[in-house]
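Student: Could we go through this structure together, one question at a time?
Tutor: Gladly! Have a look at it first, then ask away.

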Amino acid sequence: GIKSRTGNPAYKPFGKWGIVFPLRNARYDIVGLYFRSTLDDKDQRHFYLKNRQGLYPNYPDKATKKLILTESIIDAATLLEQDAIKNQYAVLALYGTNGLGEEHQKAIKNITALEEVIFFLNGDAAGEKAIEKYAPMLKTDYPKLKVSQVEVPENEDVNSLLQGHSSDILLHLIRTRKEYGLFFSSETASQ
């Protein structure tokens, strides 16, 4: 409700106390920004610029064979800090559990060597629901594509796992992932 000296709405602080991550287009240009609050404020933790565009960390290389999808940019950044993971897998952050958008799908479609998509989402109901939504979609669009899920302990995510364990836990969980069709419950299968 504050007006500037010109009478227009005044700017409000945006992304204050946050870490900034660049979002890139297919040409590797920075086309957006994501701000992650460093304060533990459940109402205001994630900030994007208006008309969000771009992917984090970037569009995967066309020669990518195995792509890990994370629920958040922080989780993707955490995986990219692990050399054993970064050297074997490409990583792409979704915009949350409902965030496998058109730009993500375009990036996946442009990967000509893609063999597997690995969901490494949070160990909660929202993460499971997202996998139940997106795994069948990917299998329909790419029938030869292997789709798998990392089994994340309840109420954990990539970053919290690293905070509570050695970094070996992340690679172990990735290596013991389950293929789509083998990890859905009978309740899910009947829906």
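Student: Which elements are included in what covers the buried residues of helix 4?
Tutor: This is a predicted model: local features need pLDDT of at least 70, side-chain atom pairs count only at pLDDT 80 or more, and totals for chains, interfaces and linings use all residues. Residues are numbered from 1 along each chain as its sequence is written, and side-chain values use heavy atoms, with hydrogens and water left out. Helices (H or I, at least four residues) and strands (E, at least two) are DSSP runs, numbered from the N terminus, and contact means heavy atoms within 4.5 Å. The cover over the buried residues of helix 4 includes helix 3 (102-109), strand 6 (116-120) and strand 7 (146-149).

Student: Which residues of helix 4 are buried?
Tutor: Buried means under 20% relative accessible area, exposed over 50%, and partly exposed in between (1.4 Å probe, protein chains only). In an α-helix there are 3.6 residues a turn, so residues three or four places apart point the same way. For helix 4, the buried ones are Gly-127, Ala-130, Ile-131, Tyr-134, Ala-135 and Leu-138.

Student: How far apart are the end C-alpha atoms of helix 4?
Tutor: The expected span of a helix is 1.5 Å times one less than its number of residues. Helix 4 (residues 125-141) has 17 residues and should span 24 Å. That agrees with the distance between its end C-alpha atoms, 25 Å.

Student: In what order do the three strands of the open sheet lie?
Tutor: Two strands pair if DSSP finds at least two bridges between them, and the pairing here is antiparallel. Strand 1 (18-24) and strand 3 (46-48) each have a single partner strand, so they stand at the edges. The order is therefore 1-2-3.

Student: Which residue in strand 3 stands opposite Tyr-34?
Tutor: Strand 2 (residues 30-37) and strand 3 run antiparallel, joined by three bridges. Opposite Tyr-34, in strand 3, stands Tyr-48.

Student: Which residue does a cis peptide bond join to Tyr-56?
Tutor: Omega is about 0° at this bond. The partner is found in the loop between strand 3 and strand 4 (66-70). That residue is Pro-57.

Student: Is Asn-51 buried or exposed?
Tutor: Asn-51 lies in the loop between strand 3 and strand 4. Its phi is positive, about 55°, although Asn-51 is not a glycine. With a relative accessible area of 66%, Asn-51 is exposed.
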